[in-house]
Amino acid sequence: MVIILRSASNGVHLSKLLTCQPTTICVRGILRPGGKNKRAARQNDKRMLPVYLNGAYASAQQDPERAKTLKFGDFVPAPNYESSSVFDDPFLTRVIHHCMRKGQKAEADDMIREVMYLIKKDQLKGWRAAADEAERNKFELDPLELMKKAVANASPVAYCRPIKKGGVVYQVPVPMTDGYSEYFGLRWIRQAAFDHPDPWREIFVPALAREFQRAFRNEGKAIKNKYDLHKLAETNKAYAHYRWN
């Protein structure tokens with residue numbers, strides 16, 4: 001592709017011929033990738049996606065052909081929000097975002113780590129006071145795993161969506177996706193901890209730790225909200241066919 005650039009200098013127009021690649025546009029002598037052919041350039045990109053998940057590279061090494069491709073292949077840059085660190089956990093990041101207020105992520109990060117410390121302290125105290133091995137198995141000494149199980153216990157599997165038919169609004173039960181279900185579980189646990197007076201941080205941190213442990217034992221307000229929503233969906237199951245109409 002040939003592009004002619006014209007510039008004015010003392011009233012004299014000069015022309016310059018530049019030869020460029022088909023997916024490159026020239027502006028004032030500077031080559032910039034893409035232009036109108038950005039979509040075609042992405043479609044014709046033969047580079048592989050990056051391997052950044054924990055354990056994914058180790059599992060790929062078991063296949064010799066795959067390992068050779070990963071060793072000498074050409075990859076696109078990894079997204080800036082992904083990490084291969086062993087300390088990075090997507091679930092913990094979502095919990096921090098749920099508890100963040102006014103964009104203060106550093107404060108929310110410190111609060112969640114205080115919550116994990118209190119959970120570890122309470123669980124270890126109960127584990128040491130247990131009489132036998134059967135009672136010790138009821139405690140979870142890993143606070144992150146406890147939080148994951150607590151959110152899983154509080155996560156509903158169905159909810160009611162209002163659908164209007166013939167001038168009447170029906171509450172139609174609809175199944176939830178995994179992400180939406182986890183969102184409800186996190187929101188209910190956070191709201192249960194929010195139901196306290198000020199000062200906010202001094203009350204919220206121990207309250208959130210207590211609510212996570214209650215949800216882990218299938219107790220508390222979050223579990224009650226889940227059962228109430230399931231009961232509502234069970235009551236309106238006769239209108240389930242309106243979901244497709």
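**View 1. Helices α7 and α8 sit roughly perpendicular to each other in this predicted model.** Their axes cross at roughly 105° and come within 8 Å, and an angle from 65 to 115 degrees counts as roughly perpendicular. On the α7 side, look for Ala-150, Val-151 and Ala-154. From α8, the contact takes in Glu-182, Gly-185, Leu-186, Trp-188 and Ile-189. Sort these residues by class and you get 6 nonpolar, 1 polar and 1 charged.

**View 2. The largest nonpolar core has 36 residues.** Zoom in on Ile-112, Met-147, Ile-189, Leu-208 and Phe-212, the ones with the most contacts inside this core. Helices α4, α5, α7, α8, α9 and α10 each chip in at least two residues. The top contributor is α9 (200-216), which gives 8. As a rule of thumb, nonpolar side chains in soluble globular proteins tend to be buried together.

**View 3. Here is Leu-208 with its contacts beyond four places in sequence.** That set is made up of Cys-99, Ile-112, Val-115, Ile-189, Arg-190 and Ala-193. Two of these names, Ile-112 and Ile-189, also turn up with Leu-208 on the list of residues with the most contacts inside the core.

**View 4. Glu-140 is a buried residue in a loop.** The loop runs between α6 (133-136) and α7 (143-154). Glu-140 has a relative accessible area of 18%, so it falls under the 20% cut-off for buried. Its side chain reaches the backbone nitrogen of Asp-142 at 3.3 Å. Setting aside residues up to four places away in sequence, Glu-140 touches Gln-123, Glu-145, Leu-146, Lys-149 and Phe-216.

Key. Residues numbered from 1 in each chain as written. Predicted model: local features only at pLDDT ≥ 70, side-chain atom pairs only at ≥ 80, totals over all residues. Heavy atoms only, no water. Helix = DSSP H or I, 4+ residues; strand = E, 2+ residues; numbered from the N terminus. Buried < 20%, exposed > 50% of the residue type's maximum accessible area, 1.4 Å probe, protein only. Polar contact = N/O pair within 3.5 Å; in protein donor to acceptor, adjacent residues only side chain to side chain. Contact = heavy atoms within 4.5 Å. Axes fitted to C-alpha atoms, helices over the stretch in contact; angles between N-to-C directions. Parallel < 35°, antiparallel > 145°, perpendicular 65-115°, else oblique. Nonpolar A, V, L, I, M, F, W, Y, C, P; charged D, E, K, R; others polar. Core = buried A, V, L, I, M, F, W, Y, C linked by side-chain atoms within 4.5 Å.
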